[in-house]
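Hi,

Here is the structure we talked about. Please have a look at it before reading on; my notes follow below.

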Amino acid sequence: MLQLNYLRENTDEAIARLAVKNMDAAAIIAQILSEDENRRKTQVALDSLLAESNQLAKQVGDLYKQKKAAEADDLKNKSTALKEESQKLEVQLAASEQQLNDLLVRLPNTPHASVPKGKTPEENEIVHSEGDIAAYTNAISPHWELTTKYDLIDFELGNKITGAGFPVYKGKCARLQRALINYFLDQATEAGFQEIQPPILINEASGFGTGQLPDKEGQMYFVGADNLYLIPTAEVPVTNMYRDVILKEDQFPVKLTAYTPCFRREAGSYGKDVRGLNRLHQFDKVEIVQLQHPDKSYEALEQMKDYVAGLVRSLGLPFRILRLCGGDMSFASALTYDFEVYSAAQKRWLEVSSVSNFESFQANRMKLRFREGNNGKPRLAHTLNGSALALPRIVAALLENNQHEDGIHIPAVLHRYTGFDKIA
RNA sequence: GGAGAGGUGGGUGAGUGGCUGAAACCAACAGUUUGCUAAACUGUCGUACAUCAAAAGUGUACCGGGGGUUCGAAUCCCCCCCUCUCCGCCA
């Protein structure tokens, strides 16, 4: 969530920036500022009342010690009267804080200055592309045909066991997935990210910390009996490791990576978008997370972008990098790069990674701070994360792009992980 | 799941109604001193909000979370969460 001080001191800028996300925030920010004023007024009143009754309580104690019970009783009555008032104010203050918080939580993050205006994905800015997409004359069959032909994935079986969007990977495809996971983790480790195995169920506080809750609970699977959510991405448990933590400045950067399955309800999707591996309720992903000093977070974002580019490149897939426009960005992000690989038989770009800087938006929600120098005041850290990478669409592109007469060729970097170089 | 014990500041740990925002020790930080990868001494050493131009200062809140009793709660009562020990179950 945005910092109150920022809204107070840069009201116009905040409104202008949120307009890039196609939000007219003037009214809600005005409401926030007036509620904030209200809150402060109430607190001043309450604090002085409490100070007074603290004084009285002390005096009562002293009087009892001096055996002046009558005088003490007088003060007690006075204090009781004060208490009624202060209780009213306490209720007021709590309501005001609640109201303020409810408003603040509804504001999305302000986009970075480089974020283009726009409402639809078509308005995303292509910042990089590589690979010759016209070269794939071999790519005849879409992956859902190949997976049947080579007995790689059984979507029907997944329907039977669970439901749509939960495929069963078999044989060489299961092995290919495991290979990709291991390859991605090894690469991330080599790049300085510490490997983490987090829980894949999270509590409400964690969901709030990274911005999934409130309001977006419909996108997560919920285990009602225990009040837990299945993670939509490893970002949630991994970033929340640092909830309510004050780091020392020299601990930056914190770089973490994790493989987890990811669960998304994805209500309301349909058509060719969801065919085959294009959109699933459960999928595997290796995530990279970074915590950084505010002065260095954009540098870190570029590094993470370059890292992911290298990863996609190493698999030999044509890809492009988009800087998302305001309208296509997520609620919590300040700047997002999407990576799309070209799926040659479907003749479409598939998103395989999303690399974002959240600046202090998540950090503010989860009170992730750092201390500047040895005894500086705590400041909010910046959080970043990116997929490196999400598997299903990578698998789809690999299968489609690399299909040949003699079978599907596996990229060389994976051979030591798969143990085979071809699916035939 | 059952029985018992317990959750205090970065750590250990004292505190069972007012003199405790919290002893002591350790760690950390700053300085002084000693001719030497260290010791001794002194000081600093939680967070948030408010007040203030800002700093200092001051006020308020916070001793797992939430409620209650009381003039006054870390301390008493209730609910919840978590940890440990034993038992049960189990990969």
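**Around the RNA**

Of the 21 residues around RNA strand B, the nearest are Arg39, Gln43, Ala57, Ser79 and Arg371. Sugar and phosphate make up 72% of the RNA strand B atoms that come within 4 Å of the protein. Bear in mind that this is a predicted model.

Three polar contacts are worth a look in your viewer:

- Gln43: a polar side-chain atom lies 2.3 Å from a sugar or linking oxygen of RNA strand B.
- Lys83: a side-chain N or O atom is 3.2 Å from a base oxygen of RNA strand B.
- Arg369: a side-chain N or O atom is 3.0 Å from a phosphate oxygen of RNA strand B.

Three elements each give two or more residues to the surface near RNA strand B: α3 (26-65), α4 (69-106) and β14. The largest share comes from α3, with 12 residues. What is the mix of classes on the surface near RNA strand B? Eight residues there are charged, seven nonpolar and six polar.

**The sheet with β14**

β14 also belongs to an open sheet of three strands, in the order β8-β14-β15. The pairing is mixed. At the edges sit β8 (246-248) and β15 (378-380), each paired on one side only. Neighbouring strands in this sheet are turned by 40° against each other on average, direction ignored.

β8 and β14 (residues 369-371) run parallel, joined by three bridges. Within that pair, Ile246 stands opposite Arg369 of β14. Arg369 is also the residue with the phosphate contact listed above.

Best wishes

Technical notes:
Residues numbered from 1 in each chain as written. Chains lettered and ligands numbered in written order. Predicted model: local features only at pLDDT ≥ 70, side-chain atom pairs only at ≥ 80, totals over all residues. Heavy atoms only, no water. Pairing = 2+ DSSP bridges. Helix = DSSP H or I, 4+ residues; strand = E, 2+ residues; numbered from the N terminus. Axes fitted to C-alpha atoms, helices over the stretch in contact; angles between N-to-C directions. Near = heavy atom within 4 Å. Polar contact = N/O pair within 3.5 Å; in protein donor to acceptor, adjacent residues only side chain to side chain. Nonpolar A, V, L, I, M, F, W, Y, C, P; charged D, E, K, R; others polar.
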